[in-house]
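This report covers strands, aromatic pairs and salt bridges. Please keep the sequence and the coordinates at hand.

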Amino acid sequence: FATYQYQNAVAVFRIAAGGALTNVANSPFATGDGPIGVTVDPAAGFVYTANSGTGTVSAFAYDPVSGALTELTSLGSPYTAGSAATGITIDPYGRFLYVTNYGAATVSTFAIAPLTGQLTAVGTPVATGNKPSDIKIDPSGEFAYVANFESNTVSVFTINPTTGVLTLASVANSGVGSTAMAIE
């Protein structure tokens with residue numbers, strides 16, 4: 001999956017022998033305005049994009065055979081997140097989705113309906129450092145880490161395992177212009 005920010009679309013590729021990529025039929029698929037982040041819940045068959053231009057999250061059902069995406073418009077997609085939605089991730093259990101709001105210095109939390117992929121906002125967006133650009137969840141699902149571009153920090157949050165609500169635990173200096181992270 002790859003987002004096309006200036007085409008308002010997400011592309012779906014198949015990986016062929018030797019690692020070559022080929023577009024699936026009808027790809028790319030329309031999203032909200034300015035998609036930057038994309039995340040996949042492979043166990044449930046849903047794909048989500050963070051749309052910076054509209055501050056929304058688009059939700060799609062994914063057909064693993066054809067590769068086609070179908071937006072869940074009948075279930076309310078796209079969902080309001082916050083100003084300039086950018087980074088997006090799903091907890092390891094597929095219960096909660098998190099999106100950074102670059103323009104609002106917040107993270108929005110959504111509960112994911114397991115059978116439909118529908119999103120429901122959980123609480124109010126939580127404050128981060130300035131210009132949060134990326135979010136990652138540790139493999140245990142206990143902590144969320146947010147790279148704050150303008151603050152040059154990483155915010156560390158604990159995750160309530162029942163509600164998905166984030167609580168700020170600490171802030172670490174990260175160097176100038178933190179934009180992306182990976183967790184091993």
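Phe1 is partly exposed, with a relative accessible area of 35%. The model is a predicted one. Phe1 belongs to an aromatic pair, and the pairs are taken up next.

**Aromatic pairs**

The whole structure holds two aromatic pairs. In one, the ring centres of Phe1 and Tyr62 lie 5.3 Å apart and the planes stand at 70°, so the pair is edge-to-face. This pair links distant parts of the chain. Phe1 sits in the segment before β1 (2-4), and Tyr62 sits in strand β8 (residues 56-62), 61 residues apart. Tyr62 is partly exposed, at 24% relative accessible area.

Tyr102 and Phe149 form a pair too. Their ring centres are 6.5 Å apart and their planes meet at 40°, so this pair is tilted. Tyr102 is in the loop between β12 (96-101) and β13 (106-112). Phe149 is in the loop between β17 and β18 (153-159). The contact therefore ties together parts that are 47 residues apart in sequence. Tyr102 counts as partly exposed at 26% relative accessibility. Phe149 counts as partly exposed at 33%.

**Strand β8 and its partners**

Tyr62 leads back to β8. This strand is mostly covered, with five of its seven residues buried. Which strands pair with β8? Its partners include β7, β9 and β10. The table lists these pairings.

| Strand paired with β8 | Sense | Bridges | Bridge partners |
|---|---|---|---|
| β7 (residues 46-51) | antiparallel | six | Thr49 and Ser58 |
| β9 (residues 69-71) | antiparallel | three | Tyr62 and Leu69 |
| β10 (residues 79-80) | antiparallel | two | Val57 and Tyr79 |

Tyr62 thus appears in two settings: its ring pairs with Phe1, and the residue stands opposite Leu69 in β9.

Two hairpins involve β8. The hairpin of β7 and β8 has four residues between the strands, and Gly55 there takes a positive phi near 65°. The hairpin of β8 and β9 has six residues between the strands. In that hairpin Gly67 takes a positive phi near 85°.

**The open sheet**

Further along the chain, four strands form an open sheet in the order β16-β17-β18-β19. The pairing is antiparallel. β16 (132-137) and β19 (166-173) stand at the edges. Each has a single partner strand, so one side of each is left without a neighbour in the sheet. From one strand to the next, the twist averages 25°.

β16 pairs with strand β17 (residues 143-148) in the antiparallel sense, over five bridges. Within this pairing, Pro132 has Asn148 of β17 as its bridge partner.

**Salt bridges**

How many salt bridges does the model hold? The count comes to two.

One joins Asp134 and Lys136, at 3.0 Å from N to O. Asp134 counts as buried at 8% relative accessibility. Lys136 counts as partly exposed at 24%.

Asp91 and Arg95 form a salt bridge too, with the closest N and O atoms 4.0 Å apart. Is Asp91 buried or exposed? Asp91 is buried, with a relative accessible area of 5%. Arg95 counts as partly exposed at 35% relative accessibility.

Notes
Residues are numbered from 1 along each chain as its sequence is written. This is a predicted model: local features need pLDDT of at least 70, side-chain atom pairs count only at pLDDT 80 or more; totals for chains, interfaces and linings use all residues. Side-chain values use heavy atoms; hydrogens and water are left out. Two strands pair if DSSP finds at least two bridges between them. Axes are lines fitted to C-alpha atoms, for helices over the stretch in contact, and angles run from 0 to 180 degrees between N-to-C directions. Rings of Phe, Tyr and Trp (its six-membered ring) pair if their centres lie within 6.5 Å; planes under 30 degrees apart count as stacked, over 60 as edge-to-face and the rest as tilted. Buried means under 20% relative accessible area, exposed over 50%, partly exposed in between (1.4 Å probe, protein chains only). A salt bridge is a side-chain nitrogen of Lys or Arg within 4 Å of a carboxyl oxygen of Asp or Glu.
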